[in-house]
Amino acid sequence: MLILPLLLSLISISNAQNTLPELLTHKSFHNTIKEAKLSLIEFYSPYCSHCNAFAPTWEDTFNQFQNDVDSSNIKMYQVNCIESGDLCQDEQILAYPSLKIYDSNGFIQNYPNSLKRNKENIIEFMKEQVIEHGGISDGPIVSKSELITTQDMINYLQNVNEHPILISFWPSFELTDLNDLNWKIFEKSDYYEDCLEFQRIWSIISNSLSSTNIKIGHFNCFKNEKICKELGIKPDFKPKVKLFLPNLENNKIISYENENNAKDIISFTKHTLSISKFTKTDSIQLMDTIKTNLKPLKSLPSKAENTFIYLYDEMTTTKEDFQILPYLIDEFAKHESTNFLISNDSNILKIMEFQQRNLINTLNNNNKPFQFNEDKYIINSMSTLPTIINFKEYSLLPSIYQSFGPYDIRDEFLIKQFIKKNSSPFITELTNKNFKDLLTNDEQLVIITTNGELPALDQFILNIHEYEEIKSTYTYNELIKARDLKKLKSDEYKSQNDYKQMVKSLRKEIKQPTPITSRYLYLDISKPLPELGIQVNNEVYQNGDVIIINSNGWYYNKDIDGGSLNSTNFVKTLETLNLDTLKEKYLLSKTLLNSPFNSKFRLFDNIHQFGIIGYIGLIISIIVIGKLVRKRFNRSN
């Protein structure tokens with residue numbers, strides 16, 4: 001009878017021991033990582049307060065990891081740097097806790113500093129590493145990057161190159177062999193640890209692109225300070241990457257500006273080269289990808305296409321008009337979801353009109369009374385050629401760069417503004433990676449929660465179109481009012497024979513109303529929720545709920561009547577917030593993101609939004625009011 005309890009206690013002890021990853025020592029470290037395809041290793045000190053604070057997250061991640069991630073592709077381990085100090089010194093551990101990815105040949109990269117260390121992010125990071133590094137090579141990765149000499153670089157800068165060249169720039173004098181992980185090469189730089197990490201990444205990139213016609217090279221900036229300065233590279237820096245495009249005389253160097261990881265750099269290179277080809281298309285080819293009707297979704301829209309077309313007329317377009325194209329590549333390169341094509345097929349303009357007419361028909365078929373307004377359409381789509389048109393997947397709302405003469409279509413600044421404004425997909429997933437960046441844009445976020453069921457998302461997309469049509473009609477009506485008022489004023493001056501004032505009033509520019517731009521997103525609640533700061537009062541979001549976040553950090557999840565916003569009723573709330581057609585904005589309840597207060601103390605959100613300055617202002621106000629009250633009290637006595 002005593003055997004069973006003893007067995008159960010042994011099992012429970014065994015399970016308790018498995019709640020943390022295996023502890024590696026100097027003796028077991030190298031053999032262990034050689035046997036694993038990939039390893040995520042935490043280097044820690046038991047006396048480090050940050051390590052102790054991180055410990056529950058690390059344990060929780062490991063337990064979740066065993067269920068979610070294929071352990072045949074990646075393992076989790078840890079190293080105690082007090083017990084294995086020599087090992088941590090060999091691995092150049094400078095701070096605790098350090099999270100590092102290794103493959104069977106050694107160190108690959110650190111866990112990104114920009115990524116918060118929580119369970120969801122760490123697991124997602126491991127999955128990405130499996131995709132990025134898991135199958136690249138079974139043996140040692142030997143760099144295929146060539147040393148770019150000073151004369152090579154001068155030739156690349158002065159001449160038109162026949163093939164694309166991807167070059168990494170290093171804070172070094174004599175980096176020749178990227179397979180030699182020697183920190184002394186970078187001892188003059190403050191970023192030597194980043195350099196050692198990037199050597200491995202650059203070797204992976206050079207192998208991944210080896211089958212293409214892209215030349216891969218590396219360049220010593222400390223040895224060639226003048227050249228690097230001309231290329232906009234500071235004296236001391238983390239490794240930089242630039243792509244030299246082929247067959248271009250102007251603007252042929254495009255800089256990579258994101259974090260240094262293999263996946264993003266490879267994606268940037270391929271995307272930028274695709275953009276730089278200026279591929280020609282026509283209306284028939286476009287109809288394969290650009291739809292003129294709204295159709296039910298077949299899956300969640302993970303990667304929505306976003307196509308820009310430079311539309312020109314062969315009879316009227318000049319050589320000078322085409323010279324703007326190379327100067328647009330760097331803007332498109334920043335936005336991975338964009339495609340850029342050129343065309344002389346005027347039927348593309350008809351696709352725009354088909355989309356608008358079919359949108360009105362679709363809204364009418366869903367008991368939403370709208371009419372196609374010919375005058376509004378002409379005002380919104382009027383442009384000379386050449387121009388640029390933007391079509392988005394899942395959308396019947398195209399945009400056009402309104403050019404009214406040669407100077408407009410040659411204005412690099414204005415065209416890039418148009419590209420940037422329309423660069424986002426029509427609808428995209430909200431994640432904890434992109435949420436912070438989205439909040440910094442001057443846009444309103446309209447978010448639907450989904451558990452993967454598509455009907456609510458279809459309704460959301462339909463109602464987005466309804467709101468955008470209401471907004472377009474509102475803008476048009478305001479424009480017509482302003483135009484009529486201008487004519488009325490000029491006629492009044494004319495009747496008074498005051499021609500000077502008449503001309504002055506006619507010259508006055510009519511400012512078009514610019515309602516707040518909305519960004520549409522879906523939040524997959526079947527996944528672990530990102531830390532959005534909207535879980536105030538223990539609210540639980542269901543499939544189809546809608547949250548609206550403004551650019552000042554306030555969010556709305558209730559309608560005017562206090563009911564939950566959802567895919568069917570959010571349009572009126574957007575009208576109330578953004579358009580002057582409804583005068584009930586004061587009835588809407590809003591909450592500050594990351595508010596520490598519950599509903600009883602919601603008034604303090606107005607102070608909390610300004611941080612410490614808000615609280616200092618409150619204290620000063622209380623002191624001033626207190627002094628005034630005391631002064632009045634003393635006078636009365």
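**Exercise 1. Find the residue of β8 that is the bridge partner of leucine 147, then place the two strands in their sheet.**

Step 1. Leucine 147 has histidine 218 as its bridge partner in β8. Strands here are DSSP runs of E with at least two residues, and helices are runs of H or I with at least four, numbered from the N terminus.

Step 2. Two bridges link β6 and β8 (residues 215–220), and the pairing is parallel. Two strands count as paired if DSSP finds at least two bridges between them.

Step 3. The model is a predicted one, in which local features need pLDDT of at least 70 and side-chain atom pairs count only at pLDDT 80 or more, while totals for chains, interfaces and linings use all residues. Residues are numbered from 1 along each chain as its sequence is written, and side-chain values use heavy atoms, with hydrogens and water left out.

Step 4. The open sheet has five strands in the order β6-β8-β7-β9-β10, with mixed pairing. β6 (146–147) and β10 (253–256) are at the edges with a single partner strand each, so one side of each has no neighbour in the sheet.

**Exercise 2. State which strands helix α6 touches.**

Step 1. Helix α6 (residues 150–158) packs on this sheet and touches β6, β7 (165–170), β8, β9 (240–244) and β10. Contact means heavy atoms within 4.5 Å.

Step 2. The direction of α6 makes about 130° with that of β7. Axes are lines fitted to C-alpha atoms, for helices over the stretch in contact, and angles between N-to-C directions run from 0 to 180 degrees.

Step 3. Helix α9 (residues 262–276) also packs on the sheet, where it touches β7, β9 and β10, and its direction makes about 150° with that of β10.

**Exercise 3. Give the order of the six-stranded open sheet and name its edge strands.**

Step 1. The order is β16-β18-β17-β19-β20-β21, and the pairing is mixed.

Step 2. β16 (427–429) and β21 (591–592) are the edge strands, each pairing on one side only.

Step 3. Inside the sheet, β17 (residues 444–450) and β19 (residues 546–549) run antiparallel and are joined by four bridges. Isoleucine 447 has isoleucine 547 as its bridge partner in β19.

Step 4. α18 packs on this sheet, touching β16, β17, β18 (518–524) and β19.

**Exercise 4. Determine how confident the predictor is, by pLDDT.**

Step 1. pLDDT is the predictor's confidence in each residue, from 0 to 100. The protein averages 85, and 89% of the residues score at least 70.

Step 2. Over residues 1–17 pLDDT stays under 50, and there the model has zero contacts beyond four places in sequence.
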